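Student: I'd like to learn how to read a protein model from start to finish. Could you walk me through one?

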Amino acid sequence: MKKYDVIIIGAGNGGLAAAATCAKAGLSTLLLERHNIPGGSASSFVRGRFEFEPSLHELAGVGSSETEVGSIEDMFIRMGGDVQWHTHDSTFRLVVPAKEGDKDTFINEDGVEVTVDARMPVGFRNFAKKLNEIVPGSYDSCMAAFDLSTRMFKAFECLDDPSKLPGSLKDVPDIMRMTSHTMKEALDTLGMPKKAQDIFNTYWCYMGSPASQFDFLYYMCVLHSYVKNGTGIPHMRSHEMSMALDKVIRDHDGEIWYNSEVTKVIVKNGKPAGVVINGEKEVYGKYFICNSYPYAVFKDLFDKNDIPAKQLKMLNARKTACSLTTVYLGMNVTKEQLGIKDYSIFIAPDSDSDKQYDAAQNYFSNYCIINCLNEIIPDCTPEGTCQLFLTTMTFGDVMKDIEPKDYKKFKTKIAKDMIETCERALNISITPYIEEIEIALPPTFARYLNTPLGTPYGYMLEKWDSMLPRTIQYMSDQPFDNFFFCGASQERGDGYGCAYYTGEKAGGIVVKKIKGGK
Amino acid sequence: MADLKSLTLKKFIPLLSGRQARFDSAAAKFPDFSDQASVIAKALHPKRQYLKIAEVKEIAPDCKSFTLVPDPEKGTKELAYFGAGKYLTVFETINGMPATRAYSISSSPKDSLEGRYVLTIKLVEGGLVSRYIFDTWEVGTSVEVSAPSGNFEYQPLRDAKKVICLAGGSGITPFLSMANAIADGDEDFEMTLLYGSRNYECILFREELEELEKKCDKIKVVHVLSEKTKRGVKGIEKGFITAELIKKYAPEDEPYSVFLCGPQQMYEFVDKELEKLGLAKKYIRHEMFGEFHNPSTQADYPEGVPEKVKITVTVQDKTYIVFGSSGDSVMQILEKSEIPVPARCRSGECGFCHSRLISGEIYVPKHLEYRRLADYKFGGFHPCCSFPLTNLEIIVPAAK
């Protein structure tokens, strides 16, 4: 019977990157996916005359004139994946509508009374200048933060070789300081005014953890990339990125089997030896890379006696990160007719990110991100139309009081609340022009991603379990010496780039174990 | 720069040992936590539902209603709830050949909570699957179906409050479910049903529809009969569903939606009539009409297509060579060669049969074109609505 060098469970972003890495290195590679298309979250779907992007808000570091080492585009170039990129010279716009009793409010360009309306540009200096315009006296602290993140990226290279750690990190003590302190501690120390911090922290929701929890280093990774490079998007929704990697794998004689769900991991002599597919077919391999979540894997694929105790302890010690609710809208008018001028607008009930997090503990808290893809790809929908997607996040089991039979009505209610929040905050009218609508709640993500609570974000990156310690302890966190996890559940949490990174890294570990060398 | 040095470095090393200590002190048992999101996902989208036939009713000489109930012995304890308008895909094996068909659920969502779905199936002339169902499905027969699927549902944020529903023949089934849902209070819109039948005797569910109309003032039923009728019966229109007729029943001063479900010929006729009304696209919604046949009748079908084609198909680690007629879809050719194909809607829409075209050319009727942009770039296609124009080399996912 054929025994593969490596079997990869799940063709999400991590699994695709892992399989491409292994296949390119000449390993006999089998990628198994329970769905009929690759990508997991990185996909697309068609409703009427619209093709929607299901998950991607923005990529940092694609389509710029100089491709950075370690960027997503760099990975696609190295892999040989053919993707057409679009870029946009903006980061985000934060709009905080005024509440009763708010002081320092003003009427913004849309005629809405707000406490904050910050449209932030690309480029460290531009960003700092703009922040300084809105909050005088914030320029120096903003530049100081970017200076730290610039040095941090240089120091990152040594992170990819955990054997050097933590010794070599002593040469870059700032990194250890950055990961040992929260955003607030660090920005306070740099002397950034509170209001500027609020704007600075706008991307906190991309982390899946509140700003009081994640460390300065982790957040700066994200903000630095977006401010440096602006927003990038693939031309054909993220389905193009996944299909491009699928092609790379096949072109290097890797096999991909779709509709092929791993229903059991076969353990022999205390180690994974093979998998059962769709409850009937067995295949064997030397190494395994798993893009599925530890929770789902140990719950459904392993005999209880075969699960290492540490894995159970890890599951109990960690908190599942947030889940999302997304409303996809195909509009029968253009973005100009709607009055939308930005790609990415964050509408928040309060400027303080910790208060935003507290509010998000309830189902819908008037926190909503609205994206208009036509702003970046003008012809991504037929003439005279545009597409929008609205996103909000939730923490914990927010569905606990909802029965399956009430789900459809609940879904519509949440979507209505989100649409109306955007209408009010931007003083525009959306509802009359909806030609297509699809609504995804945590059960939707649970269905497609098979993650606990429907999270696409992995485990909460709390301060005690943040990116740097996860990276340093990656090997000892793995359940067997021939079984490696990749994807959002691992060291970098959610995000396309993070998932590709962990997949490529896991693939690299297997290649090294089989072929030796670096 | 501000005083970064004031942040202590000592916090870092304990971070590593602290993390391990945190894991060490946690319980070594499988975590048990409430996860209603996954519960809902599994309840509404089971991979398969194993059912039994509890009742068979002949509602017309060529039309039967089958009541399906859970088969707990095979693992289905309760039925998946659904939104009115959804369909079930039925999985059958006919003389060794895997076959699937999608049928709209004609019963109400509420019935499913009491463990009942009704599928109303019309015998199609020359139809393989409907013939098989008519011949073999009886009380006690086991039936395997998908989760409720499809997008033909009322959506209050998109559709108008008033909906003109245009049904032809057995296309009444999703509307019967919707009407029941309105009467049960599970859907909230005003339905005017223009239901086209050949003659009075051919009308399916006439009495049920009458009762619903009586019970609920949000439902109005108008029969449109193409053949001559005996007498003037109240609520009956003669002829076809035309623009004029729709106008007659449509509200004058507010927007309305039009929902269509019926045979291919009805869509061809009614779509032209709808154009005259100049409705915005968002107000017109079609249910799929099932499998498409005879591609060569289409204006854009190319000339000189060979009658017989060879398909080299890889499924997981097996490769087969099969031959078939270019008049059949790729899916039909594979099924006739007894190769199971993942199939659901058979109309291109659901994307479940998404496969890979390695070489060769296919024809896809325009109105069944649901490929994604990147599919064109990388060879993704849907075998259920793709017709071979040349010999093909394809990769198809496992049917599960």
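**Reading a two-chain model**

Tutor: Let's begin with a single residue: Pro14(B) sits in helix H1 of chain B. Keep in mind that this model is predicted.

Student: How do I read its surroundings: is Pro14(B) buried or exposed?

Tutor: You count neighbours, and a residue with 12 or fewer other C-beta atoms within 10 Å counts as exposed. Pro14(B) has 12 other C-beta atoms within 10 Å, so it is exposed.

Student: And how far apart in space are Pro14(B) and Leu113(B)?

Tutor: Their C-alpha atoms are 55 Å apart, with their positions 99 residues apart in the sequence. For the whole chain, the C-alpha atoms of chain B fill a box of roughly 95 × 55 × 55 Å along the principal axes.

Student: What is chain B built from?

Tutor: Chain B has 10 helices and 19 strands. Of its 400 residues, 44% count as buried. Then look at the contacts in chain B between residues at least 6 apart in sequence: 71% of them join residues at least 24 apart.

Student: How many helices and strands does chain A have?

Tutor: Chain A has 18 helices and 19 strands. Its radius of gyration is 23 Å, close to the 24 Å that the globule rule gives for 518 residues, so chain A is as compact as a globular protein of that length. The C-alpha trace of chain A spans about 70 × 55 × 45 Å along its principal axes. Buried residues make up 60% of the 518 residues here.

Student: Now the place where the chains touch. How many residues does each chain give to the contact?

Tutor: One general point comes before the case. The size of an interface is often given as the accessible area lost when the parts come together. Here we can go by residues instead: 70 come from chain A and 57 from chain B. On the chain B side, the elements that give two or more residues are helix H1 (12-24), helix H2 (36-44) and helix H10 (373-378). H1(B) gives the most, with 8 residues.

Student: What kinds of residues are on that side of chain B?

Tutor: The side of chain B that touches chain A has 32 nonpolar, 12 polar and 13 charged residues.

Student: Next, helix pairs. At what angle do H5 and H6 of chain B pack?

Tutor: Angles under 35 degrees count as roughly parallel. Helix H5 (residues 173-184) and helix H6 (residues 206-215) of chain B pack at about 25°, with their axes 10 Å apart. H5(B) and H6(B) are therefore roughly parallel to each other. Their crossing is left-handed.

Student: Which residues meet there?

Tutor: From H5(B), Leu176(B), Ala179(B), Asn180(B) and Ala183(B) meet Glu208(B), Leu212(B) and Lys215(B) of H6(B). By class, that contact divides into 4 nonpolar, 1 polar and 2 charged residues.

Student: In chain A, how do H4 and H8 pack?

Tutor: This time the range to remember is 65 to 115 degrees, which counts as roughly perpendicular. Helix H4 (residues 139-156) and helix H8 (residues 216-229) of chain A pack at about 95°, their axes 10 Å apart. That makes H4(A) roughly perpendicular to H8(A). On the H4(A) side, the contact residues include Phe146(A) and Met152(A), and on the H8(A) side they include Leu217(A) and His224(A). In this contact 7 residues are nonpolar, 2 are polar and none is charged.

Student: And at what angle do H3(A) and H4(A) cross?

Tutor: Helix H3 (residues 124-134) of chain A crosses H4(A) at roughly 150°, and the axes come within 8 Å. H3(A) and H4(A) are therefore roughly antiparallel to each other, and their crossing is right-handed. Among the residues that meet are Phe127(A) and Leu131(A) in H3(A), and Met143(A) and Phe146(A) in H4(A). That contact has 8 nonpolar, 1 polar and 1 charged residues.

Student: One last thing, backbone angles. What is the phi of Asn278(A)?

Tutor: Asn278(A) has a positive phi of about 50°, although it is not a glycine. Asn278(A) lies in the loop between strand S12 (271-277) and strand S13 (281-290) of chain A. With 18 C-beta neighbours inside 10 Å, Asn278(A) counts as partly exposed.

Student: Where is Asn95(B)?

Tutor: Look in the loop between strand S3 (87-94) and strand S4 (97-104) of chain B. Asn95(B) also has a positive phi of about 50° and is not a glycine. With 8 other C-beta atoms within 10 Å, Asn95(B) is exposed.

Conventions
Residues numbered from 1 in each chain as written. Chains lettered and ligands numbered in written order. Predicted model: local features only at pLDDT ≥ 70, side-chain atom pairs only at ≥ 80, totals over all residues. Contact = placed C-beta atoms within 7 Å. Helix = DSSP H or I, 4+ residues; strand = E, 2+ residues; numbered from the N terminus. Nonpolar A, V, L, I, M, F, W, Y, C, P; charged D, E, K, R; others polar. Axes fitted to C-alpha atoms, helices over the stretch in contact; angles between N-to-C directions. Parallel < 35°, antiparallel > 145°, perpendicular 65-115°, else oblique. Left-handed = near helix turned anticlockwise from the far one by under 90°. Buried ≥ 20, exposed ≤ 12 C-beta atoms within 10 Å, placed from the backbone. Rg over C-alpha atoms; globule rule 2.2 N^0.38 Å.
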